Amino acid sequence: MALRHAVLAALLDGEYSGYELAKSFDIGVANFWHASPQQLYAELTKLEKDGLVEGRQVVQESRPNKRMFQVTDAGRAELEDFAVAASKPLVIRDDLLVKVQNADRIGTAPVIEQLEERAAAAEAKIELLGRVLRKMRGDMDEEEYLLRGERIGGYLTGLRGIAFEQGHRDWCRRSAAVLREGLNRAER
């Protein structure tokens, strides 16, 4: 998947400014595709040039003017082509795994600290995603929302994000505990 598809998919929800798109990415799309605000602005420019989104200038009196973007028919067609294309298998690329793999050779204490920080960040993300999903479903319980809700795809990706963060949090906690125990044995 290219960033262009993630941006186009995010814009299916409506018209967004670059700033609003960046906020939307932080809450939803960032579960499966990270992009900095600078990358998003650059991609919006490319998408507009390619005719996949159209932008319009909004004049504001007390603030700088802003551009609002929405998907064009050509952008929808691009997403439809993307949806049909085969997906690539998931690959993990994480520098923390390299550190853990070699922790007993390069120093355990800093790696334990980083694992604990990662676990705390995962816990915060779980809480954030939980709030987002509760807001999406409103008064419905989860099963009812999955049967009758309006944005099932977004909800399902939120559930995947929670499951990913829970697994990551648990692995970080266990790895930190194992490494800490080894450090304690070595000090005895």
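This report describes the fold of a predicted protein model, from its overall form down to single residues.

## Overall form

The protein holds nine helices and three strands, and when these are read along the sequence they follow the pattern α-β-α-α-β-β-α-α-α-α-α-α. The radius of gyration of the protein is 21 Å, whereas the globule rule gives 16 Å for 188 residues, and because the value lies well over that figure, the protein is more spread out than a compact globule. The C-alpha trace spans about 70 × 45 × 40 Å along its principal axes.

Of the 188 residues, 31% count as buried. The accessible surface of the protein comes to about 12,600 Å², and carbon and sulfur atoms account for 52% of that surface. Among the contacts in the protein with a separation of 6 or more, 56% are between residues that lie 24 or more positions apart.

## The sheet and helix 1

The three strands form an open sheet in the order 1-3-2, and their pairing is antiparallel. Strand 1 (16-17) and strand 2 (53-58) stand at the edges, where each has a single partner strand, so one side of each is left without a neighbour in the sheet. In general, strands of a sheet pair through backbone hydrogen bonds, and the pairing can be either parallel or antiparallel.

Strand 2 is joined to strand 3 (residues 66-71) by six bridges, and the two run antiparallel. Within this pairing, Q57 stands opposite R67 of strand 3, while R56 has M68 of strand 3 as its bridge partner. On the other pairing, two bridges join strand 1 to strand 3, again with the strands running antiparallel, and here Y16 has F69 of strand 3 as its bridge partner.

Six bridges join strand 2 to strand 3, and helix 1 (residues 3-11) packs on the sheet, touching strand 1, strand 2 and strand 3. The direction of helix 1 makes about 95 degrees with that of strand 3.

## A buried glutamate in helix 3

The residue E43 has its place in helix 3 (residues 37-49). With a relative accessibility of 9%, E43 counts as buried, because the cut-off for that word is under 20%. Leaving aside residues up to four places away in sequence, E43 touches L3, R4 and V7.

## Helix 7

Helix 7 (residues 108-137) has 30 residues, and at 1.5 Å a residue these should span 44 Å; the end C-alpha atoms are 43 Å apart, which agrees with that expectation. The buried residues of helix 7 include T108, V111, I112 and L115, and further along the helix they also include K125, I126, L129, G130 and L133. Just after helix 7, G138 takes a positive phi of about 60 degrees.

## Helix 9

Helix 9 (residues 152-187) has 36 residues, which at 1.5 Å a residue should span 52 Å, and its end C-alpha atoms are 52 Å apart, so the expected and the computed spans agree. Several residues of helix 9 are buried, among them G154, Y155, G158, G161 and I162, and also E165, H168, R169 and C172. What covers the buried residues of helix 9 includes helix 6 (103-106), helix 7 and helix 8 (142-148).

How values were computed: Residues are numbered from 1 along each chain as its sequence is written. This is a predicted model: local features need pLDDT of at least 70, side-chain atom pairs count only at pLDDT 80 or more; totals for chains, interfaces and linings use all residues. Side-chain values use heavy atoms; hydrogens and water are left out. Helices (H or I, at least four residues) and strands (E, at least two) are DSSP runs, numbered from the N terminus. The expected span of a helix is 1.5 Å times one less than its number of residues. Buried means under 20% relative accessible area, exposed over 50%, partly exposed in between (1.4 Å probe, protein chains only). Two strands pair if DSSP finds at least two bridges between them. Contact means heavy atoms within 4.5 Å. Axes are lines fitted to C-alpha atoms, for helices over the stretch in contact, and angles run from 0 to 180 degrees between N-to-C directions. The radius of gyration is taken over C-alpha atoms; the globule rule is 2.2 Å times the number of residues to the power 0.38. Accessible areas come from the Shrake-Rupley method with a 1.4 Å probe; for residues, only the protein chains shown count as cover.
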